[in-house]
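Trainee: Could you take me slowly through one part of this structure, the place where nonpolar side chains gather, and then show me how that part sits within the rest of the chain?

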Amino acid sequence: MSAYLQFLLRESKVAIKRWTDVLTGIILFFLTAILFPLISDTDKDFLLSIVGPVMMFSAFFASLLSMQNMFKPDFQNGTIEQLVLSKKSFVGLIFTKTFAFWLFTSLPLILVSALVSSIYFVSGKEILIIQLTLFLSTMTMININAFTAAITLGIRYPGALMTLIITPITLPILIFGSKAIENSILGLDISGPLYFLTGMMMLSLFLGPWITASALKISMD
């Protein structure tokens with residue numbers, strides 16, 4: 001069995017043991033997303049007009065909640081140091097770890113978004129567009145979060161600093177993601193926003209593990 005697959009299985013077992021972190025992110029996403037239909041007018045047109053920003057920012061807030069635990073537990077128990085000393089590519093191991101983290105913190109949000117979308121009177125292919133948009137966006141955000149978690153690894157209480165770093169970097173993703181969902185509901189062309197999100201995802205998948213691995217090595221020195 002490939003060492004990277006073994007590491008992915010190891011990370012999956014760790015994530016299952018920390019199931020409360022996964023569940024907390026899902027609950028935050030769900031509660032944030034359904035807040036507006038509960039406290040505002042149930043006018044269909046109004047809810048359809050805000051579903052894009054609500055979905056994107058709900059996913060963003062959920063990712064902020066979980067990212068502090070991306071590397072810190074492994075840093076404290078020495079796992080990161082063992083990965084650095086491993087004969088396998090450290091960049092490849094970081095890519096695997098980031099992907100495993102996405103599987104358990106972001107993929108559930110994409111699945112739950114179908115239920116939440118129905119509350120906003122979204123139906124049909126628009127739900128699939130929302131899920132596709134969240135897929136592209138969260139794949140980018142997880143790499144941004146990984147880099148931020150890595151460079152703040154040595155800080156005792158990094159929450160506020162991490163938020164200040166991530167927010168301006170992630171803002172274009174939130175804007176274009178919201179625009180893609182809005183255009184889909186209005187029946188407009190969605191290719192532009194989706195091309196941007198796809199390009200950002202590919203760029204983050206290529207560069208993200210490299211800069212995150214470098215940041216982790218710097219933080220350990």
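Mentor: Let us begin with a single residue, V116, which touches F29, F30, A33, I34 and M55 when residues up to four places away in sequence are not counted. Please keep in mind from the start that this is a predicted model, and that every distance and percentage I quote is computed from it. V116 belongs to the largest nonpolar core, a group of 60 residues, and it is one of the four members that touch the most other members, together with F29, F71 and Y120. Several helices build this core, for two or more of its residues come from each of α2 (19–39), α3 (44–66), α5 (79–85), α6 (90–105), α7 (107–119), α8 (125–151), α9 (159–186) and α10 (191–220). Among these, α8 gives the largest share, which is 12 residues. As a general background to such a picture, nonpolar side chains in soluble globular proteins tend to be buried together.

Helix α8 deserves a closer look, and A149, which lies in it, is a convenient place to stand. A149 counts as buried because its relative accessibility is 5%, and the cut-off for that word is under 20%. If we leave aside its neighbours within four places in sequence, A149 is in contact with M67, M70, F71 and M162, and F71 is a name we have already met among the four residues with the most partners in the core. You can also trace a line from A149 to T98, which is 51 residues away along the chain, and find that their C-alpha atoms are separated by 11 Å.

From here we can turn to the aromatic rings, of which the structure holds 5 pairs. In one of them, the ring centres of F60 and F61 are 5.8 Å apart and the planes meet at 50°, so this pair is described as tilted. The two partners differ in their surroundings: F60 is buried, with a relative accessibility of 4%, whereas F61, at 38%, counts as partly exposed. Ring pairs also bring in F57, so that F57, F60 and F61 form a cluster. A second pair joins F99 and W102, whose centres lie 6.0 Å apart, and here the planes are at 20°, so the pair is called stacked. Both of these residues sit in helix α6, where they are 3 residues apart, or about one turn of the helix. Again one partner is buried and the other is not, since W102 has a relative accessible area of 4%, while F99 is partly exposed at 32%.

Helix α6 also leads us to the charged side chains, and a search of the whole structure finds 2 salt bridges. One is formed by the side chains of K97 and E11, at 2.8 Å from N to O. This pair links distant parts of the chain, as K97 belongs to helix α6 and E11 to helix α1 (residues 3–17), 86 residues apart. K97 and E11 are both buried, and for E11 the relative accessible area is 8%. The other salt bridge is formed by R10 and E11, at 2.3 Å from N to O, and R10 is partly exposed at 29%. E11 takes part in each of these two bridges, and R10, E11 and K97 are thereby linked in a network.

Finally, step back and place these details in the whole chain. The secondary structure consists of 10 helices and 0 strands, and so the elements, read from the N terminus, run α-α-α-α-α-α-α-α-α-α. Buried residues make up 49% of the 221 residues, and, among contacts between residues at least 6 apart in sequence, 80% join residues at least 24 apart. The radius of gyration is 18 Å, which agrees with the value near 17 Å that a compact globule of 221 residues would have. Taken along the principal axes, the C-alpha atoms fill a box of roughly 55 × 35 × 30 Å. The accessible surface comes to about 11000 Å², and 70% of that surface belongs to carbon and sulfur atoms.

Terms used
Residues are numbered from 1 along each chain as its sequence is written. Side-chain values use heavy atoms; hydrogens and water are left out. A nonpolar core is a set of buried Ala, Val, Leu, Ile, Met, Phe, Trp, Tyr and Cys residues joined through side-chain atoms within 4.5 Å. Buried means under 20% relative accessible area, exposed over 50%, partly exposed in between (1.4 Å probe, protein chains only). Helices (H or I, at least four residues) and strands (E, at least two) are DSSP runs, numbered from the N terminus. Contact means heavy atoms within 4.5 Å. A salt bridge is a side-chain nitrogen of Lys or Arg within 4 Å of a carboxyl oxygen of Asp or Glu. The radius of gyration is taken over C-alpha atoms; the globule rule is 2.2 Å times the number of residues to the power 0.38. Accessible areas come from the Shrake-Rupley method with a 1.4 Å probe; for residues, only the protein chains shown count as cover. Rings of Phe, Tyr and Trp (its six-membered ring) pair if their centres lie within 6.5 Å; planes under 30 degrees apart count as stacked, over 60 as edge-to-face and the rest as tilted.
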